[in-house]
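Notebook open, model loaded. I want to see how the inside is put together before anything else.

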Amino acid sequence: MTHWLFLLATLLIAYLTPCVMTSLHAVEPSLGGQTFVGRFIYDVNLPVLALGLMVATSRARLHPTNLLAAAAGLGLLLDGLSASSQLGQETITCTLLMLLCLTLLPARETRPWHWLAIVPLLALMHGLPQAVLQGLPAGWQQLLLREILTTTFLAALAITILRLPQVWFETKPAASLHLENRWSRLTPE
Amino acid sequence: MSAPSPSTLGPVVILIAATLLPALPTGLVNSWKSVARDIAAPGQRITQQAFQTAIQTAASLGNTTSFVNSTSMPSTASFDGIPLANNDSDVATLRQQLSDEQEARRRLTAAWIGKTPALEIPAAPNEGIVLASHQSEFPWDQSPSRLEPQSSERLVIPELVSAALMGGEHAARWKRGHFLSKGGLHGIEESAWVIKSPQPLVDLGADHGVSPADLVLAGSAIVGKIERVGQWTSTFLPLTHPSFRCRATIVRPEAAGNATRQPMILAQAILAGQGDGTCQLEKIPDTVGLRTGDEVYSADTDGALAHPLFLGTITSATLPTENRHWVAVVTPVFTTPGSTGDDTTDNLQLDLPPRLAVLRLRMNPARATVPSGTGNPPLGPTP
């Protein structure tokens, strides 16, 4: 049951990310692209955040193939909604990025901070091929740097907020059991 | 040699499939794009509503703050530089300004589509003005050909004639024959077709050269087309009448999420009145990305008009699952709520301005004269 719930959550992330990206473009005039908040929203690399969210939430419960298929589905939907006349760019990029995540974080119990450490790398790998394929705009280094920093900042903020309850209500670690104290643990003091 | 485990095989299959995607044929890619739009539509609707709610909430919070602050300023309250209305007259003035701005924007869009100057309505009543005497716009000076074409005048030119809407009691008295009660004895009568018609009346008839199918305009917007022509008055079919049909061009305005910041022509279709105050666009394939707020202009096929005229705004666009064509509802600027097709709407309720204009076509006077000696009688312009 838990497996299916996590699978559903992962698929929901993969589905809603392209929807949010296209909706952002639709409400662009209302958001005001020139304001600080408007620019901040556009600088966020949403696919990278979505991949990280998938890894952070579902790595312990799902098989890597599930995550990889969800990442491929995310890329396929992004390709389908894009204005480009060719498929595959986002699909391949997202699949490879997810593969990289799973390779760099082989443990089933992935800690969110591990994922945060590789966010800049993921944002760079996601932004650079797009910029090269679609033609490098003027000042692309600053654009890319801003995107990486914004995504990393937002990821750190999200992880910190998610970890806060564990910081405030930290449980005591269980007493370790060694061969030396096995008798003392079994017999009363 | 052992067989690959499922955990290895899955990623390999997914990667190979993803790598092969760019090699797919264009038809398959377009099919997937259409399917992807359908799949994402519900999610987009939900997220857009969420964004709009968030924006409206933020705006209302800002509004409240502004009003609270404005209590200390008794007369000149303002919100982000926009003066707030104090009474009904201010509201009416602002509404008029908004209407003028919308009209000006529609004319600009129409001028952009036609790449020609905007339409001018004559100020004096019943005086015709020439809208466009088309010169050849082909860039001949860039043509490598040595043949220089001589400029020619168009044979038929459009003219705008100012007209007044005869509504309510005025039209009723005209139809009862009050104005012509004495003339009837001497053979001065209005056409029975006009008298008996339940459609709205304008005060122009054959005396001003009006013909059936001439367009009736309010500003740069089409409100109907002439149906029956009498001696002094004519009836017209409103835009929303079930019998009204015309060719239309769908245009995305420059501010509706349009990345190019310029009006964009999306498709051509048939506009048909529905009789309920709205019109419907027909035969728009699902490959066109329609959205509410897109504007509809007339599509001139014979080149008589210099630029298109405004028809209405798309207020609803849905793509039924069993149909490959859009169901798009267009709401005109001026609605005629009672215009049903049963011809029993004698007390037709109109939301039209009192001053209208009729777009009539007439022969170009410059072409109407025949060189002497040909033996043919000279052709005069229509009255």
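By nonpolar core I mean a set of buried Ala, Val, Leu, Ile, Met, Phe, Trp, Tyr and Cys residues joined through side-chain atoms within 4.5 Å. I am keeping in mind that this is a predicted model.

Entry 1, the fold of chain A. I looked up the secondary structure and got nine helices and zero strands. Along the sequence, chain A therefore just repeats α, written α-α-α-α-α-α-α-α-α. I also checked burial: 37% of the 189 residues of chain A count as buried. For its contacts with a separation of 6 or more, 71% join residues 24 or more positions apart.

Entry 2, the largest core. Which residues have the most contacts inside the largest nonpolar core? I found Leu51(A), Met54(A), Leu74(A), Met98(A), Trp115(A) and Leu122(A), in a core of 32 residues. At least two residues of this core come from each of H1, H4, H5, H6, H7 and H8 of chain A. H5(A) gives the largest share, seven residues.

Entry 3, around Leu74(A). Setting aside neighbours within four places in sequence, I listed the contacts of Leu74(A), among them Ala14(A), Pro47(A), Leu51(A), Met54(A) and Cys94(A).

Entry 4, chain B. I noted a second, separate core of 27 residues, including Leu215(B), Ile222(B), Ala267(B) and Val330(B).

Entry 5, cysteines. Cys19(A) is buried at a relative accessible area of 0%, and Cys94(A) likewise counts as buried at 0%. I searched all chains for disulfides and found zero.

Entry 6, the surface. Chain A exposes about 11,000 Å² of accessible surface, and 69% of that belongs to carbon and sulfur atoms.

Note on methods: Residues are numbered from 1 along each chain as its sequence is written. Chains are lettered from A and ligands numbered from 1 in the order in which they are written. This is a predicted model: local features need pLDDT of at least 70, side-chain atom pairs count only at pLDDT 80 or more; totals for chains, interfaces and linings use all residues. Side-chain values use heavy atoms; hydrogens and water are left out. Helices (H or I, at least four residues) and strands (E, at least two) are DSSP runs, numbered from the N terminus. Buried means under 20% relative accessible area, exposed over 50%, partly exposed in between (1.4 Å probe, protein chains only). Contact means heavy atoms within 4.5 Å. Accessible areas come from the Shrake-Rupley method with a 1.4 Å probe; for residues, only the protein chains shown count as cover. A disulfide is a pair of cysteine sulfur atoms within 2.5 Å.
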